[in-house]
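Here are some notes for a colleague who is meeting this structure for the first time. Please read them with the model open beside you.

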Amino acid sequence: MYCIIHFGPDTYTDKEWGYGDENPMIVNPTQFNAMQIVGAAKAGGFKGVVIVAKHHDGFCMWPTKTTEHNISKSPYKNGKGDILREYRDACNKLGMKMGVYCSPWDRNSALYGKPEYVTEVYRKQLQELYRNYGPLFIVWHDGANGGDGYYGGAKEVRKIDRSTYYGWDITWGIARKLQPNAVIFGDVGPDVRWVGNEEGHAGETCWATYTPHAPDSGKMPGNGYTKDSEGTEGHRDGNYWMPAECDVPFRPGWFYHKSQDGKAKSPDSLLNLYYKSVGRGACLDLGLEPDQRGLLNDDDVAKLKEFGMLLRETFAVNLAKGATLKASNVRGGNLKKFGPANLLDNDPYSYWATDDKVKTPQLILDLHGAKTFNVIRLQENIKLGQRIDAIGVDAWQDGKWQQIATATSIGGNRLIRLGKNIKTNKVRLRITKAPVCVALSDFGLYMDRHPLIEELQKPSGS
């Protein structure tokens, strides 16, 4: 889990997408505090933040050499401010990871739409960010691709070839060279894909493997130029290991709007989204919206903190710990290397495996006494891929096995939130479909004491 933070001219104009003609003088946060913002994300259980260094209006939140339209032309710290540097310092102090998003679309630049914009502005902006604000865990790209804008005073509509204009292979190469440990996110990855919606959830079935396709046959897919809906589930036979990211704003909009005060998602709503994103093997990317002061609203901070407490409380105790595990098959009879006891250690890469021909094994957990739970967690050793297509889980009740859950894709993390509490002393896991033998690394049982509610708020577009 990580947070993407939108703050810039739109924060002051009450817009979601700036036109590019905004006066830099309006960007003047009087109390900007990166520690407060990053600290609130950390309290929520998030591991990193993605900073919107430049949105579509073209205003850069760092003192760049590529355009006059940047923070040094604002009154902030008398033109000596650097919002990116303050976030970097806060992440270092708080032990949080940092990523950046620099919009490829630039409604301010007179060069936008020409090849020179990509080579002399956009790529040079990425080089500045990657060189000066690392280490970065992710570099983030979206599909906003031209339209009407200020464009240096031209005030016109400019269209680009979404398949080829940004030369993504060369553009991605900048990150590979300058931030080799960063994953690259975009509609076409190449490392992390967009899930295809801005509602914060992946498909019930969600494969980490994916092949992006262009909307028009014969063309190369690009960011903003894919069959978006395919990202929700991915492809069982996809060509690339490209797990999904589920992005969703905390409030209805991505930028701060005073009219949305008090409308941030409730802690229970965030927990629901957690199960539908992280619980389906994807990442959750929550949008935070600092206000004109440069601070998160107090209500937003309180809700993040409570969400973090809910998460920690729910997953503090694995009720399966201490159970005796009996598998119908263990690879080569080697209990030490491939036995089911590996499911209860803390190593995500130790695992229970079966012989090659055994694709539908069973596993019984004897809990040595009645335990009550309503969440099941399964994880595969993803170094060996996603191997399981479907499972069933049973509880021993009234002298017989009764099915309590089914699920499809497992991958790096699968959380099954049951509709009711289950009290039992034995649990059975059945692998019901798999093309190859299993390599399962984790089995957990947890008690979530929070109500199962459906999120009704629908976010607006980014």
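**Notes on helix packing, barrel and cores**

1. In this predicted model, the axes of helix α6 (residues 267-276) and helix α7 (residues 298-314) come within 8 Å and cross at roughly 50°. Angles from 65 to 115 degrees would count as roughly perpendicular and those under 35 degrees as roughly parallel, so α6 is oblique to α7. The crossing of α6 and α7 is right-handed. On the α6 side the contact is made by P267, D268, L270, L271, Y274 and Y275, and on the α7 side by K303, E306, F307, L310, L311 and T314.

2. Eight strands, in the order β1-β2-β3-β4-β7-β8-β11-β12, close into a barrel with parallel pairing. On average, neighbouring strands of this sheet are turned by 25° against each other, direction ignored.

3. Within the barrel, strand β3 (residues 97-102) and strand β4 (residues 136-140) run parallel and are joined by three bridges, and V100 stands opposite V139 in β4. Helix α4 packs on the sheet, where it touches β2 (48-54), β3 and β4, and its direction makes about 170° with that of β3.

4. The largest nonpolar core has 76 residues, and L84, Y87 and Y166 are those with the most contacts inside it. Helix α4 (residues 115-132) gives the most to this core, with seven residues. Apart from it lies another core, of 38 residues, which includes A323, L344, I376 and I410.

5. Which residues does Y87 contact, leaving aside its neighbours within four places in sequence? Y87 is in contact with I5, F32, A34, I37, V38, I51, M98 and P290.

Notes
Residues numbered from 1 in each chain as written. Predicted model: local features only at pLDDT ≥ 70, side-chain atom pairs only at ≥ 80, totals over all residues. Heavy atoms only, no water. Core = buried A, V, L, I, M, F, W, Y, C linked by side-chain atoms within 4.5 Å. Buried < 20%, exposed > 50% of the residue type's maximum accessible area, 1.4 Å probe, protein only. Helix = DSSP H or I, 4+ residues; strand = E, 2+ residues; numbered from the N terminus. Contact = heavy atoms within 4.5 Å. Pairing = 2+ DSSP bridges. Axes fitted to C-alpha atoms, helices over the stretch in contact; angles between N-to-C directions. Parallel < 35°, antiparallel > 145°, perpendicular 65-115°, else oblique. Left-handed = near helix turned anticlockwise from the far one by under 90°.
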